[in-house]
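Please read the following points alongside the sequence and the coordinates. They take up one sheet, then its surroundings, and then the two chains as wholes.

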Amino acid sequence: MASPVSTPMRTLIIARAPRRRRWRDTRDGVLMSLPAILGLVAFVAVPFIAAIVLSLYNVQVDQARAPKFWGLTNYARLFTDPVVSASFLRSLVNNFVFAIVVIPVQTGLALLLAVLLNRKLKGVRFFRTFFFMPVVFPMALVAVIWRLILDRSPSGLLNSAVGFVTGGSVPAHDWLGSAATALGSVILLSIWQGVGFQMVILLAALQEIPEERYEAARLDRANGWQQFVNVTAPGIRNTLIFVVLLTTILAFRVYDQVFILIRTAGANEGATQTLLYNATQAIYSENNLGRASSISVVLFLIIVIITLIQRRVLRQRSEG
Amino acid sequence: MTITRTLRRSALAAVAVTAAVVMTACSSAGGGVSAGTGTGTINVWAHQGQDSENAALQAAVDGFNKSQGKVTAKLRLISGDTYTTTITSTPKNQLPDVLEIDGPTLASFVYNDKLAPLSDYVAKGTISNATPGSVAEGTSGGKLYGLAMYDSAMGLYGNKKLLDAAGVTHPTSFDSAWTPDQFAAALKALSAADPSGKALDLNESGLSGEWGTYGFAPLVQSAGGNLIKNGKSVGMLDSSASVKALADFATWKPYTDPNADGNAFVDGRVGVAWGGHWNYPVFSKALGSDLVVMPLPNMGQGAKAGAGSWTWGVGSGTKNGKAAGLFVDYLLNDKNVTAMTQANGAPPATKSAFTADTLYQTGGALALWGEQLAHACAADAITKDCLAVYRPVTAGYPTITSKFAGSLSAVWGGADPKKSLTSAANAIDQNFADNNGFK
């Protein structure tokens, strides 16, 4: 499509403005963005750089003696020291497993729900509200409720439901304490809490797709699945990419539910610990500020690398 | 995006600002203890305990303010779960004049210069009236930093009705404490007789926290092991005695009620509960004369029990040490100590109040546990006839308790005790080595 502005006019527009006006524009621009920049520096840049600096020291929180400079010892320990790396690498694995399971399952489920609820049926609004409700609850509350559901006694909700369905042949299971099902239980309750949020975003994207395309597809005698693949999926591609990116970053920030279930509900620590849990435990339980900082720096690097890879692989295309 | 000159300059400015902020934040604040004039306002911080404890403490503060006009004390309650973390993260020049400290964490606060020695500000009479346990708990590096209003007593509670119905004879003295086999047999009999099929409640959801170390390190010590000895944990925490203690502990899981609602014992779902003095008001109200107290199981070297609780100290940044000392003197007088221990059922930590406390003297309901406290010892000096063992007084305690409780929780979840305890011991030793033994 030809540009609406023809070449001669473009030369005129690019002519430079006088020097004084440029300085005034720059100054006003800096002044107007100063509050936001100060906030960014104070609350994002300073802690970020402080974390990098502190991770090079052997230091406790508010310690009276001078901190010892350790160079990269904290990082070396995270990956190679038999005492420290066991739990760090395990939490790395847990985070990856969590991400690999939750991203496709939660996104797929959200897409399914969004497609199902994108119709003009009576009562569809009720169902949309109903599926979105868990998102409103803070994750800590969700963890406490699911702790009761997953209680290991035969009278726990899940155990009694399983017992009812199987007629008592399956014994009560320790969902949170057993290494095999602990992470699965955490994944289940995380998906339960988060699917509504993605569903609402995808629903909005679905409603952007013009109805004419579906009519055209129907005229071409496309069945439901072909409509989905050729009309729906391309139409929500950008939103879907955004949702997947968002879920990836959130999947590496799993903390609330893991903390509550391990510290107050007896969940299997080895099977459910995550990187953020390790970092906060290093501070709260062992007062090891250097290690906590190094874990958070590693977490940051992991998220940056994964986000860059995802952006490379899934490039968002502009319309038309 | 090309790197323009403006961008480079602003990046440099950001780094400079950040470096300046980090440097000022990291520099330690000056100022130490000063005795002050003995007048004025002092700040008092305490942990938020049960409602009755908070009321008793507030009454003590109000009584102090009314009893004299020179010093006014202001009380601030901080959530109990995060109390220690709060004190750890508060720089010493922002600490209050008087603060409560969880006993075993006292040594690490002394290490980080957050407490002032008490002997300069607290009356000699108060110090000499403190029980040996209170003094032992509050002493670090040879100096006294904390004195307690109350100690703690713990053991097994039993429901006499359920025990008799199952035909189980329960121990009434330390010599007749259950061995691990007898305990398992008792649990089995109780479970068979109980419609819920469970016999024991040991508050399993709190195992990975301080309750794990407080309530179950005595099992390890009773078996002949310990958490740490002479600054080394390997060889002690993962000794065969310690491993056996935890292995026996894990065999009780089939008989244990998960107790999600916390009412397993008072509702009669279980016949035995692992608890302490803080449960006594509720349990005695629910069970009345059916409530019996028993020692913990004897894992080989005699039954042991946990001890130690919150103590009171003076902040190292106080400008009014004399006034702070006056407050501590008043807080530890018989009237206030008795009022507090009536409120929470704890054993008093002052000699005069302890001998007057009918609950813990001969004939009282918790006399058995009172006997424990009369035969108390420090964790590094366990003898055959000591019954209550205080938790180790060392600046490395946070890591010790975190690793042990984590091990305990893992073993409860099915992990191998030897592997779990060995990795815990290695982690503790590494932490000590990193900090030069906390000298």
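**Notes on the two chains**

1. In chain B, an open sheet is formed by five strands in the order β2-β1-β3-β12-β4, and the pairing within this sheet is mixed. The edges are occupied by β2 (71–79) and β4 (115–116) of chain B, each of which has a single partner strand, so one side of each is left without a neighbour in the sheet. Please bear in mind throughout that this is a predicted model.

2. The partner of the edge strand β4(B) is β12 (residues 310–315) of chain B, to which β4(B) is joined by two bridges, the two strands running antiparallel. Within this pairing, Ala116(B) has Val314(B) of β12(B) as its bridge partner.

3. Two helices of chain B should be considered together with this sheet. Helix α12 (residues 321–331) of chain B packs on the sheet and touches β1, β2, β3 (98–102), β4 and β12 of chain B, with a direction at about 50° to that of β1(B). Helix α2 (residues 51–67) of chain B also packs on the sheet, where α2 touches β1 (40–48) and β2 of chain B, and its direction makes about 165° with that of β2(B).

4. The strand β12(B) deserves a point of its own. β12(B) pairs with β3(B) in the antiparallel sense over five bridges, and in this pairing Val98(B) stands opposite Val314(B), the residue that is also the bridge partner of Ala116(B). Six of the six residues of β12(B) are buried, so this strand is largely enclosed by the rest of the structure.

5. A second strand of chain B to examine is β9 (residues 272–276), of which five of the five residues are buried, so that β9(B) is largely enclosed by the rest of the structure. How are the two faces of β9(B) covered? On one side lie Val272(B), Trp274(B) and Gly276(B), on the other Ala273(B) and Gly275(B), and all of these residues are buried.

6. The pairings of β9(B) include one of each sense. With β7 (residues 154–159) of chain B, β9(B) runs antiparallel and is joined by five bridges, and here Met154(B) is the residue opposite Gly276(B). With β8 (residues 200–201) of chain B, β9(B) pairs in the parallel sense over two bridges, and Asp201(B) has Ala273(B) as its bridge partner.

7. Taken as a whole, chain B contains 17 helices and 14 strands. Its radius of gyration is 24 Å, close to the 22 Å that the globule rule gives for 439 residues, so chain B is as compact as a globular protein of that length. Along the principal axes, the C-alpha atoms of chain B fill a box of roughly 80 × 65 × 40 Å. Buried residues make up 54% of the 439 residues in chain B, and of its contacts with a separation of 6 or more, 75% are between residues 24 or more positions apart.

8. For chain A, the secondary structure comes to 15 helices and two strands. The radius of gyration of chain A is 26 Å, whereas a compact globule of 320 residues would have one near 20 Å, and the C-alpha atoms of chain A fill a box of roughly 75 × 65 × 30 Å along the principal axes. Of the 320 residues in chain A, 31% are buried, while 68% of the contacts with a separation of 6 or more are accounted for by residues 24 or more positions apart.

9. The division of chain A should be read alongside those values. Chain A is divided into domain 1 (18–54) and domain 2 (84–313), and the centres of these two domains, taken over C-alpha atoms, are separated by 36 Å.

10. Finally, the contact between the chains takes 30 residues from chain A and 33 residues from chain B. On the side of chain B that touches chain A, at least two residues are supplied by each of α1 (5–26), α3 (83–89), α16 (397–412) and α17 (417–434) of chain B. By class, this side of chain B has 18 polar, 11 nonpolar and four charged residues.

How values were computed: Residues numbered from 1 in each chain as written. Chains lettered and ligands numbered in written order. Predicted model: local features only at pLDDT ≥ 70, side-chain atom pairs only at ≥ 80, totals over all residues. Helix = DSSP H or I, 4+ residues; strand = E, 2+ residues; numbered from the N terminus. Rg over C-alpha atoms; globule rule 2.2 N^0.38 Å. Buried ≥ 20, exposed ≤ 12 C-beta atoms within 10 Å, placed from the backbone. Contact = placed C-beta atoms within 7 Å. Nonpolar A, V, L, I, M, F, W, Y, C, P; charged D, E, K, R; others polar. Domains from an automatic or database assignment. Pairing = 2+ DSSP bridges. Axes fitted to C-alpha atoms, helices over the stretch in contact; angles between N-to-C directions.
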